[in-house]
Amino acid sequence: MELIRTPVLELTRDQIVTRIERGAKQRLQLGVRDFIERYRTGVLEDPAAVADLVALAALLDDSDPLFVRP
Amino acid sequence: MSVPDLPALLGHVRELTRQYKRGRPESFAAFRELVQLLLQVTVLGSGVGVRLTRGPRTDRMVMEGAVDDLGVIRMNDGRYLRVSIVLFREPHQGGYRLKVEQASYQYQLDDIGDHWVFRYDYRRDPADQHPATHLQVRGVLFENVPLYHGVLERVHFPAGRVSIEAVIRLLIEQFAMGANTPPEIWRAVLAESERPFEEIAHRPLSGPSA
């Protein structure tokens with residue numbers, strides 16, 4: 001059986017943030033910083049609904065400005 | 001699709017399993033290829049399967065459905081499965097292991113996911129009170145009980161760790177999804193792949209201990 005080949009998708013930090021931002025706004029009416037803050041403090045109502053966005057955030061460095069509280 | 005050679009398929013599954021269990025940098029690709037094989041043998045309905053996505057962190061990757069940037073695959077019945085798995089390498093007994101930080105599978109009627117049916121979710125270290133492994137079903141609870149009074153989708157049912165093989169079986173056996181190969185092929189392939197997963201899968205408690 002011939003398997004479908006799919007190249008690795010390389011995303012920059014800004015591309016990841018843009019995807020999270022778009023998804024969080026469409027589905028939760030939240031900005032990206034608010035979304036990350038709510039997830040990391042355990043108050044996001046239903047994280048599984050946006051598991052794909054949470055997964056993308058896992059690709060950012062721990063020192064990313066999004067993870068630093070203002 | 002012609003009927004594939006079962007011994008060759010099972011051999012391919014074993015080899016990919018051996019590769020991802022070694023925890024080397026190339027193990028990410030082996031894991032993706034294994035999942036791609038499982039999907040092609042079973043429910044994949046288009047030429048687009050799963051891909052690896054990488055960002056600034058070099059120690060982890062996301063395996064997700066590759067339809068646009070929606071994280072979904074299109075299945076045989078025209079519906080969708082959202083697949084999202086965060087993989088990372090961790091030192092283990094002098095070597096490395098490929099591990100899963102979080103995994104989510106959502107069966108949905110539309111590509112966006114407004115019309116989802118069920119989803120399984122696993123997170124190794126959740127920050128909230130929901131069970132680390134749980135099942136949600138978007139339906140109606142007929143009896144009027146607290147907390148959500150009929151809105152079933154808000155309930156996070158604790159579940160054991162659920163493999164992608166189990167989700168595929170569920171779609172075929174319980175949701176009448178057509179398969180790309182005969183049952184004697186896809187059942188054997190799923191079993192060959194699921195067995196090692198069950199041996200090494202992390203099984204968290206059903207909630208926080210404090």
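E1(B) and E2(B) form a hairpin with five residues between them. Helices (H or I, at least four residues) and strands (E, at least two) are DSSP runs numbered from the N terminus. E1(B) covers residues 50–54, and E2(B) covers residues 60–65. The two run antiparallel, joined by four bridges. Strands count as paired if DSSP finds at least two bridges between them. In this hairpin, Leu52(B) has Met63(B) as its bridge partner.

This is a predicted model: local features need pLDDT of at least 70, side-chain atom pairs count only at pLDDT 80 or more, and totals for chains, interfaces and linings use all residues. Residues are numbered from 1 along each chain as its sequence is written, while chains are lettered from A and ligands numbered from 1 in the order in which they are written.

E1(B) also pairs with chain A. Its partner there is E1(A), in the parallel sense, over two bridges. Leu9(A) stands opposite Thr53(B), and Glu10(A) is bridged to Arg54(B). Four of the five residues of E1(B) are buried, so the strand is largely enclosed by the rest of the structure. Buried means that 20 or more other C-beta atoms, placed from the backbone, lie within 10 Å of the residue's own.

The strand pair belongs to a wider interface. Here 27 residues of chain A are in contact with 32 residues of chain B. Contact means C-beta atoms, placed from the backbone, within 7 Å. On chain A, strand E1 (9–10) and helices H1 (13–28), H2 (32–40) and H3 (51–57) each supply at least two residues to this side. H3(A) gives the largest share, five residues. The side divides into 18 nonpolar, three polar and six charged residues. Ala, Val, Leu, Ile, Met, Phe, Trp, Tyr, Cys and Pro count as nonpolar; Asp, Glu, Lys and Arg as charged; the others, Gly among them, as polar.

Next, the core. The largest nonpolar core has 66 residues. Such a core is a set of buried Ala, Val, Leu, Ile, Met, Phe, Trp, Tyr and Cys residues joined through C-beta atoms within 7 Å. Ile20(A), Leu38(B), Met63(B) and Ile73(B) touch the most other members. Helix H2 (residues 27–41) of chain B gives the most to this core, eight residues. Beyond its neighbours within four places in sequence, Ile73(B) contacts residues including Leu39(B), Val50(B), Val67(B) and Tyr80(B).

Finally, chain B as a whole. It has four helices and eight strands, in the order α-α-β-β-β-β-β-β-β-β-α-α from the N terminus. Buried residues make up 38% of its 210 residues.

Technical notes:
Two residues are in contact if their C-beta atoms, placed from the backbone, lie within 7 Å. A residue is buried if 20 or more other C-beta atoms lie within 10 Å of its own, exposed if 12 or fewer, and partly exposed in between; C-beta atoms are placed from the backbone.
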